[in-house]
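Below are some notes for a colleague who is meeting this structure for the first time. They are best read with the model open alongside.

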Amino acid sequence: MVPSVQTRIQDLYDQLPARERRLADVLLEMQGDLAAYSATELAARAGVSKATAARLFRRLGYADYHEMRQQARDERQPGSPLAELEDAGGEKQSLTAHLSHDLQNLTRTVETLRSDAVADAVKILAEARRVWIVGFRNNHALALYARGLLAHVKPDVRMLPVGGYTVAEDLASLSAGDAMLALGFRRRLPVMRSILREAAAVGAKTVLLADPTVDECARHATVTLRCLSRGLTLFDSYVAPMSVLNYLCSQVALRLEVEAEARLERIERLHEAFDDFD
């Protein structure tokens, strides 16, 4: 089986020189749209020379950019379950193959996440006065999970949007000193870009978790953590982002230490007072 463009980049990512790594970041962001760009345009976007770009393409095993772009075009998936179903052609996958694919997504995600970016994300969430969590469509389930974890250890964690409302009413309260945790896995709504742009404009720091194809949203985020989410067949898989969210929130609790412990103790007292559990 021929390794994908994404797999080739991730396998070599940690070994790349700094300039080639900058271009690799751009390629991961633009993978779904490589056909629309020339090698010169991508090099300019990364701020590297055409010679650096040529070296990276060869290092990845391609004769030139044209060969890599052709493979990326062949691999392109629009994120539609209908398109995925048509591509599958009725082929069934075993549960073992499904598990193996999810494990691969999780392993490669952890291997490619930069430790300094993860540390910055934890710092932003821990030190924020308020944390806003935003996610649409499938991302909303991730947002609910993150909110549930962070609410154990921080006093002011808010969901955006509130069900049935537009975002403007709540976003008007966002300000410097706040943090936003944004879940931006495909298929992203255009409003996510506007929300992140507004957060940057008011001075709020943002942590964005998204798949490697994220581009425009990442330009407005303070920290972007890319997690693999492509599923084996019809539907995307969120095993990797769920694990990363669990880690981030746990590290926030450890960083807050005394404050987190006091809040957890009060929550437990309230559980007992309300007889919440059997």
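1. Helix H9 lies across the strands S1, S2 and S3, and the direction in which H9 runs makes an angle of about 160° with S1. Please keep in mind here, and in every point below, that this is a predicted model.

2. The strands under H9 belong to an open sheet of 5 strands, which are paired in parallel and follow the order S2-S1-S3-S4-S5. S2 and S5 stand at the edges with a single partner strand each, so that one side of each has no neighbour in the sheet. From one strand to the next, the twist averages 20°.

3. The pairing can be followed across the sheet, beginning with S1 and S3, which run parallel and are joined by 5 bridges; within this pair, Val134 has Ala182 in S3 as its bridge partner. S3 in turn pairs with S4 in the parallel sense over 6 bridges, and there Leu183 stands opposite Leu209 in S4. S4 and S5 are likewise parallel, with 4 bridges between them; Leu208 has Thr224 of S5 as its bridge partner, while Leu209 stands opposite Leu225 in S5.

4. How many residues of S3 are buried? The count is 6 of the 6, so S3 is largely enclosed by the rest of the structure. In a regular strand the side chains alternate between the two faces of the sheet. In S3 both faces are covered, with Ala179, Leu181 and Leu183 buried on one side and Met180, Ala182 and Gly184 buried on the other. Both faces of S5 are covered as well, by the buried residues Val223 and Leu225 on one side and Thr224 and Arg226 on the other.

5. The largest nonpolar core has 37 residues, and those with the most contacts inside it are Ile133, Leu181, Leu183, Leu209 and Leu225. At least two residues of this core come from each of helix H8 (115-127), strand S1 (131-135), helix H9 (139-150), strand S2 (157-160), strand S3 (179-184), strand S4 (205-210), strand S5 (223-226) and helix H13 (239-256). Of these elements, H13 gives the most to the core, with 8 residues. Leaving aside residues up to four places away in sequence, Ile133 touches Ala143, Ala146, Arg147, Leu150, Val157, Arg158, Met159, Leu160, Leu181 and Leu183. There is also a second, separate core, which has 23 residues, Leu28, Ala46, Val48 and Leu60 among them.

6. A helix pair from an earlier part of the chain deserves its own paragraph. Helix H2 (residues 18-30) packs against helix H4 (residues 50-59) at an angle of about 75°, and their axes are 9 Å apart; that angle makes H2 roughly perpendicular to H4. On the H2 side the contact is made by Arg19, Glu20, Leu23, Ala24 and Leu27, and on the H4 side by Thr52, Ala53, Arg55, Leu56, Phe57 and Arg59. The residues of this contact divide into 6 nonpolar, 1 polar and 4 charged.

7. His152 lies in the loop between H9 and S2, where it is partly exposed, with a relative accessible area of 37%. Although His152 and Leu264 are 112 residues apart in sequence, their C-alpha atoms are 6.1 Å apart in space. Apart from neighbours within four places in sequence, His152 is in contact with Ala260, Arg263, Leu264 and Ile267.

8. Some details of the backbone should be checked by eye. Most residues other than glycine have a negative phi, and most peptide bonds are trans. The peptide bond from Leu160 to Pro161, however, is cis, with omega near 0°, and Pro161 lies in the loop between S2 and helix H10 (168-171). Arg186 and Arg187 are also joined by a cis peptide bond, with an omega of about 5°; Arg187 is placed in the loop between S3 and helix H11 (190-202).

9. Which residues other than glycine have a positive phi? One of them is Arg137, whose phi is near 55° and which lies in the loop between S1 and H9. Another is Glu257, with a positive phi of about 50°, found in the loop between H13 and helix H14 (258-274). Glu257 counts as exposed, because its relative accessibility is 57% and the cut-off for exposed is over 50%.

Methods
Residues are numbered from 1 along each chain as its sequence is written. This is a predicted model: local features need pLDDT of at least 70, side-chain atom pairs count only at pLDDT 80 or more; totals for chains, interfaces and linings use all residues. Side-chain values use heavy atoms; hydrogens and water are left out. A nonpolar core is a set of buried Ala, Val, Leu, Ile, Met, Phe, Trp, Tyr and Cys residues joined through side-chain atoms within 4.5 Å. Buried means under 20% relative accessible area, exposed over 50%, partly exposed in between (1.4 Å probe, protein chains only). Contact means heavy atoms within 4.5 Å. Two strands pair if DSSP finds at least two bridges between them. Axes are lines fitted to C-alpha atoms, for helices over the stretch in contact, and angles run from 0 to 180 degrees between N-to-C directions. Angles under 35 degrees count as roughly parallel, over 145 as roughly antiparallel, 65 to 115 as roughly perpendicular and the rest as oblique. Ala, Val, Leu, Ile, Met, Phe, Trp, Tyr, Cys and Pro count as nonpolar, Asp, Glu, Lys and Arg as charged, and the others, Gly among them, as polar.
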